[in-house]
Amino acid sequence: WLYGEGANEIATLQQSSTAQNIFDSLFEPHEQFHLASKQALEASDEQTAKTAITEMYKLSHIITQKLLALDVLN
């Protein structure tokens with residue numbers, strides 16, 4: 001959705017400039033989430049995996065909050 005039809009959907013929302021700003025701010029935490037998940041999967045020790053999973057949790061929360069902010073504009 002981020003790299004596909006999301007941009008078109010955002011353009012149709014009320015307050016589209018606000019929606020576009022929120023949409024644009026999703027990319028970095030999304031990429032960071034995937035990097036953290038890769039680190040968790042490739043971790044050679046439990047503590048490194050736990051640290052990466054904690055980061056994933058934090059990023060997931062950030063992404064969810066941004067998506068909920070977009071939903072309010074729908």
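A salt bridge is a side-chain nitrogen of Lys or Arg within 4 Å of a carboxyl oxygen of Asp or Glu. With that in hand, welcome to a set of close-up views of this predicted model.

**View 1. The salt bridge between Lys50 and Glu46.** The structure holds 1 salt bridge, and here it is: the side chains of Lys50 and Glu46 meet at 3.1 Å, N to O. Side chains of opposite charge can pair when their charged atoms come close. Lys50 and Glu46 are 4 residues apart in helix H4, so about one helical turn separates them. An α-helix has 3.6 residues a turn, so residues three or four places apart point the same way. Look at the surroundings, too: Glu46 is exposed, at 56% relative accessibility, whereas Lys50 is partly exposed, with a relative accessible area of 44%.

**View 2. The N-terminal end of helix H4 and its cap.** Asp45 is the residue to find here, for it caps the N-terminal end of H4. One of its side-chain oxygens lies 3.3 Å from the backbone nitrogen of Gln47.

**View 3. Helix H4 from end to end.** This helix covers residues 46–73. Its 28 residues should span 40 Å at 1.5 Å a residue, and the end C-alpha atoms are 41 Å apart, which agrees. To follow part of the helix, start at Lys58, which sits in H4 and is partly exposed because its relative accessibility is 47%, between the limits of 20% and 50%. From the C-alpha atom of Lys58 to that of Ala69, 11 residues along the chain, the separation is 17 Å.

**View 4. The buried residues of helix H4.** Which residues of H4 are buried? They are Ala49, Ala52, Met56, Leu59, Ile63, Leu70 and Leu73. What covers them includes H1, helix H2 (16–24) and H3.

**View 5. Helix H3 and its buried side.** Helix H3 runs through residues 27–42, 16 residues in total. It reaches 23 Å from its first C-alpha to its last, close to the 22 Å expected at 1.5 Å a residue. Pro29, Ala36, Ser37 and Ala40 are the buried residues to look for in H3. They cover an arc of only 100 degrees around the axis, which puts them on the same side of H3. The buried residues of H3 pack against helix H4. Now turn to the face away from that buried side, where you will find the exposed residues Glu28, Leu41 and Glu42.

**View 6. Ser37 and the backbone of His34.** Ser37 has its place in helix H3. Is this residue buried or exposed? Ser37 is buried, with a relative accessible area of 16%, because buried means under 20%. A polar atom of the Ser37 side chain lies 2.8 Å from the backbone oxygen of His34.

**View 7. Aromatic rings around Phe27.** How many aromatic pairs does a search of the whole structure find? It finds 3, and two pairs are described here. A pair of aromatic rings is described by the distance of the centres and the angle of the planes. Tyr3 and Phe27 form an edge-to-face pair, 5.2 Å centre to centre with 75 degrees between the planes. Tyr3 lies in the segment before helix H1 (6–11) and Phe27 in helix H3, so this pair ties together parts that are 24 residues apart in sequence. Phe23 and Phe27 also form an edge-to-face pair, with 5.4 Å between the centres and 90 degrees between the planes. Tyr3 counts as exposed at 57% relative accessibility, while Phe23 counts as buried at 2%. Together, Trp1, Tyr3, Phe23 and Phe27 form one aromatic cluster.

**View 8. Two separations across the model.** To get your bearings, begin with Glu42, which lies in helix H3 and is exposed, with a relative accessible area of 57%. Its C-alpha atom and that of Ser25 are separated by 27 Å, and these residues are 17 apart along the chain. Then move to Ala11 in helix H1, another exposed residue, with a relative accessible area of 53%. The C-alpha atoms of Ala11 and Thr51 are separated by 37 Å, with the two residues 40 apart along the chain.

Terms used. Residues are numbered from 1 along each chain as its sequence is written. This is a predicted model: local features need pLDDT of at least 70, side-chain atom pairs count only at pLDDT 80 or more; totals for chains, interfaces and linings use all residues. Side-chain values use heavy atoms; hydrogens and water are left out. Helices (H or I, at least four residues) and strands (E, at least two) are DSSP runs, numbered from the N terminus. The expected span of a helix is 1.5 Å times one less than its number of residues. Buried means under 20% relative accessible area, exposed over 50%, partly exposed in between (1.4 Å probe, protein chains only). The arc is that of the directions from the helix axis to the C-beta atoms. Contact means heavy atoms within 4.5 Å. Rings of Phe, Tyr and Trp (its six-membered ring) pair if their centres lie within 6.5 Å; planes under 30 degrees apart count as stacked, over 60 as edge-to-face and the rest as tilted. A polar contact is a pair of N or O atoms within 3.5 Å; within protein, one must be able to donate a hydrogen and the other to accept it, and residues adjacent in sequence count only if both atoms are side-chain atoms.
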